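Welcome! Open the structure in your viewer, and let us walk through it one selection at a time.

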Amino acid sequence: MATRKASIAFAIQRFKGFWEQFRKSKRGITGLSIVIFFMVIALFAPVIAPYEPINPMEDVGQYPAYGPGIGRKIATRLCYPAWYKYMPNVPKGKIDLSEEFYNSITYVPEYKKTFQLFGRVGEENATDDVLFLSRRVSTLHSITATYLNESSDSIPSSDYVVKQYDPREIMLKKTYPNGTVFKVMYTTGVDIVENIEVIQDPTFASQTSFNEWSISTDQGFNVEYNSVKGFSNDGCLEISYLPTALPPETAKVTLSRAFKYPYWEPPRQVLMHLSFKLEGTQNASITFFFTREDKPEPFILRAYQLNASTSYEHKYFDALAPEVKANLGSEHPLDLIFAYPSNYTFSMQVTFDNPNASTKLYLDNAHCVIYGNAFGLLGTDNDDRFPRDIFSTLVYGTRISLLVGMLSAVFSTLIGLFLGLISGYVGGIVDEGIMRFADLLLVLPTLPLFIVLIIALRSVGTLISIWNIIIIITFFGWMGFARSVRSMVISLRERTFVEAAKAAGGGTMHIINRHILPNVFALVYITLATAVPGAIILEASLSWMGLGDPLVASWGKILYDFQSAGIALTKGLGEYWFWVFPACIAIALLATAFILMGYALDEILNPRLRQRR
Amino acid sequence: MGLRAYIIKRIIYMVILIWAVITVEFMIFNLLPGNPLEAYVSGMRGIITPERMAELRRAFGLDKPLHEQYLNTIVRLLTFNFGISAHSSAPVSSEIMRRLPNTLLLMGISTVLSIIAGSLIGVLTAYKRGGVFDTATVTLSLLTYSVPIFFIGWLLIFIFALQLHWLPSGLIQPQAWAHAPPSNFLEKIAGRLLHLALPTIELFLFSVGGWILLARACVLETITEDYVVTARAKGLKERTILYKHVLKNASLPIITNVALSLAFTISGAIITETLFSYDGMGLLTFRALNPPDLPVLQGIFFILALAVIIANFIADLLYGVVDPRVRYG
């Protein structure tokens with residue numbers, strides 16, 4: 001008992017001595033603090049990251065309209081970070097643009113004298129007979145036509161027209177010769193648009209949310225807050241009819257919410273959702289529309305017929321749906337509606353046919369979400385269905401990198417230590433066998449080997465998980481360390497203290513435990529620290545090639561998404577640098593931290609280096 | 001043991017390694033539960049005719065027992081008969097042969113450059129050890145280990161290709177040359193070199209850090225040896241000591257590491273070629289990933305492993321010639 005206590009005390013003493021030295025090493029402390037920083041992030045990832053990293057969605061209840069168990073997407077894809085608007089060179093407000101088109105009439109059919117095709121300059125095929133601009137026109141300055149290097153003529157404004165319902169389309173009224181190049185100068189609005197939840201409390205959870213609606217009703221209708229009849233037996237809106245002397249044939253109830261749209265740029269998408277339950281025998285219909293302050297007639301998006309039923313039904317639609325486009329007669333409804341910063345109202349108008357005393361309509365889960373082009377701390381990636389919050393992926397990726405790096409370093413070092421000890425101490429044919437095997441593995445090019453192995457595993461239907469990758473990295477990472485342990489053991493084996501232990505009757509295990517292992521351990525710590533960065537980079541490289549675990553969020557996956565989005569070669573890091581910079585810097589930082597720690601350990605534990613200093 | 005016995009021993013060792021690589025390939029492609037090659041051929045059902053499938057089965061020896069499949073693998077790989085690429089329908093060996101020179105050119109230039117630059121800088125830092133220059137170089141070299149190579153590649157593309165428009169961002173030659181190659185030989189070389197620039201810089205940056213650290217460590221090792229002290233005591237000039245006594249002895253590990261580093265540089269080349277769409281073995285590998293093209297992967301892996309083995313063999317021979325102690329070890 002006493003000896004154990006003494007040995008523990010001795011170990012603590014030794015650790016204290018080691019810590020004294022380590023504390024003085026600037027490199028070591030820097031490395032250690034970075035590693036601890038990342039460990040804290042990994043540990044508290046669910047607290048730090050606002051969204052789920054793989055399939056992020058807003059939990060909006062289990063509405064059947066979204067499909068079973070599917071929420072609403074958090075943002076549109078390829079969003080900028082919310083802080084992007086503060087960057088110096090990001091255009092906001094009105095900017096002037098010019099675009100060039102060419103005319104490529106090959107023949108003019110008899111029945112359509114003005115038929116001509118316009119193509120964008122630089123593209124091969126002209127397919128449309130309207131000039132399609134890439135952005136909405138706020139003000140059209142001029143259109144000039146140049147034919148075969150002749151001087152350019154300005155087309156008088158009477159000869160063209162911007163389509164009333166589609167501010168991106170320009171019709172030319174005259175026919176121009178083949179090969180004419182048109183240059184359109186126009187002003188458009190650009191902005192960094194954040195998501196807007198028009199209805200802050202869509203589930204009518206409290207009475208106050210009800211008060212934020214402005215309601216106009218025909219005579220006899222009453223709209224009030226009902227706290228128990230909602231979709232999940234919570235709050236909802238109740239519209240009821242108190243019969244008047246002369247029941248009207250049709251009656252209208254309009255519910256509206258005013259909101260401000262402060263951006264020059266149209267939103268990317270607008271989604272709407274409503275749950276309702278109609279009681280009574282009549283049919284009713286509901287119309288969704290937006291109105292802009294300066295424009296009296298509403299932009300009618302969609303109308304639905306409501307049928308009486310005993311349970312809630314759900315309607316869910318996208319403002320870019322074909323029905324909405326048809327209703328507004330525009331290919332770009334959002335361009336049309338959100339033309340400039342202004343005050344808007346979102347309204348739902350219910351029309352009742354022949355209401356009677358038992359007519360009741362409950363409304364719940366009223367969502368109207370305007371999706372912009374900016375989101376979160378680092379924007380979103382380019383996933384089609386559920387774009388991910390890059391910041392959340394980054395935070396959760398810390399876990400994977402640390403896990404892969406540290407586990408594979410520990411396992412491969414242990415294997416290397418074990419095989420090196422056996423090889424060095426036993427010697428003979430065992431030594432020869434292990435070392436030749438190590439030589440073989442050393443000669444195989446690592447990355448191609450991993451690629452071949454993973455693809456082969458995949459083709460027989462194995463799902464590559466993060467554990468497979470750890471095992472593979474471990475299995476091919478022990479050779480170097482086994483070699484150095486072996487050479488160290490061979491020289492230790494011949495030392496006098498080992499001979500003395502043998503002479504005193506010490507067994508093999510005793511000698512390895514008490515005399516050889518303690519001498520090798522300095523090397524173990526150093527190898528542990530320096531093996532981690534290799535594993536981290538290797539995992540990132542595999543993920544970058546699309547060979548990683550598709551079900552976990554890792555730093556390599558962020559880079560893979562960026563690479564496969566194809567932006568690296570077209571726009572480069574210029575526009576979406578915030579997408580990959582953090583992940584790359586995190587990888588570099590974590591790897592460097594372990595290298596620094598390895599160096600510090602090397603200086604402290606390696607006696608030869610200590611002498612040199 | 002004389003030089004001849006040494007060479008014979010190395011040749012035998014090389015043959016054993018080649019056999020081992022083939023065995024590893026057999027284990028990966030035929031022995032993994034489910035037999036990946038079999039799964040690959042069955043996966044082509046509906047894409048190719050049943051006759052073609054039967055032909056593929058026969059070529060890979062899949063209808064035979066395992067030991068015959070093993071023999072088949074040995075024969076196929078040794079005769080470079082890897083089969084037909086599923087993507088291009090061309091023989092894998094010709095696909096590889098078409099791209100191997102491009103990869104060798106890229107790796108050759110960048111390796112030579114990084115060895116020269118790395119050794120020079122390494123010797124300098126070792127000579128001025130402890131100073132600011134030394135610390136800065138060592139830190140930067142360590143950074144090249146830890147910064148992901150694709151990040152460096154994206155930066156290079158962005159700065160030199162997209163912002164400054166100095167160098168092309170990808171491919172091995174201008175796109176227009178596919179239809180009309182230039183007649184002028186000089187123009188041809190200039191075009192190729194221009195497209196080689198960014199990948200070479202990338203691969204150079206990838207490997208130069210290792211060479212700096214290695215050269216520095218080797219020089220530091222020899223600089224404390226007794227014969228250097230003796231030379232200094234004799235009153236020799238510092239420069240003579242550095243070049244005649246230190247560098248010559250320190251260069252031995254550098255020579256052996258040229259071959260050993262090849263396996264490492266290949267990993268870098270795969271990523272580099274993919275980043276820059278440089279049409280070499282690396283891009284071929286990347287394109288064979290999705291959908292998987294097993295014959296191509298099998299061929300590439302064998303050729304790359306073979307290259308490393310041969311390079312190691314040559315390095316061993318060189319080492320035996322340069323350092324006589326090895327032969328008697």
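**Stop 1: two helices in chain A**

Start with chain A, where helix H7(A) passes H13(A) in a right-handed crossing. Keep in mind as you look around that this is a predicted model. To find the pair, select residues 390–426 of chain A for H7 and residues 508–544 of chain A for H13. Their axes lie 7 Å apart, and the helices pack at an angle of about 145 degrees.

Now show the side chains where the two meet. On H7(A), the residues to pick include Ser401(A), Gly405(A), Ala409(A), Leu417(A) and Tyr425(A). Facing them from H13(A) are residues including Ile512(A), Val524(A), Leu528(A), Ala535(A) and Glu539(A). What is the make-up of this contact of H7(A) with H13(A)? Its residues divide into 14 nonpolar, 6 polar and 1 charged.

**Stop 2: where the chains meet**

Next, display both chains together. The contact between them takes 38 residues from chain A and 47 residues from chain B. Colour the helices of chain B and look at the side that touches chain A: H1, H2, H6 (132–146), H7 (149–163), H10 (238–275), H11 (281–287) and H12 (294–322) each supply at least two residues. Which of them gives the most? That is H12(B), with 9 residues. Colouring this side of chain B by residue type will show 38 nonpolar residues, 9 polar and no charged.

**Stop 3: two domains in chain B**

Hide chain A and stay with chain B. Its domain assignment gives domain 1 (3–78) and domain 2 (95–322), so give each range a colour of your choice. Taken over C-alpha atoms, the centres of these two domains of chain B are separated by 32 Å. Where they touch, 14 residues of domain 1 of chain B are in contact with 12 residues of domain 2 of chain B.

Select the domain 1 side of that contact in chain B. Helix H1 (3–31) and helix H2 (36–42) of chain B each supply at least two of its residues, and the largest share, 10 residues, comes from H1(B). This side holds 12 nonpolar residues, no polar ones and 2 charged.

**Stop 4: a bent helix**

Finish by selecting residues 185–223 of chain B, which form helix H8. A straight helix of 39 residues would span 57 Å, yet H8 of chain B spans only 49 Å between its end C-alpha atoms. Where should you zoom in to see the bend? Centre on Ala197(B), where H8(B) bends by about 40 degrees. Then look for the proline that follows within four residues, Pro199(B).

Notes: Residues numbered from 1 in each chain as written. Chains lettered and ligands numbered in written order. Predicted model: local features only at pLDDT ≥ 70, side-chain atom pairs only at ≥ 80, totals over all residues. Domains from an automatic or database assignment. Contact = placed C-beta atoms within 7 Å. Nonpolar A, V, L, I, M, F, W, Y, C, P; charged D, E, K, R; others polar. Expected span 1.5 Å × (residues − 1). Bend = angle between axes of the 7 residues up to and from the residue. Axes fitted to C-alpha atoms, helices over the stretch in contact; angles between N-to-C directions. Left-handed = near helix turned anticlockwise from the far one by under 90°.
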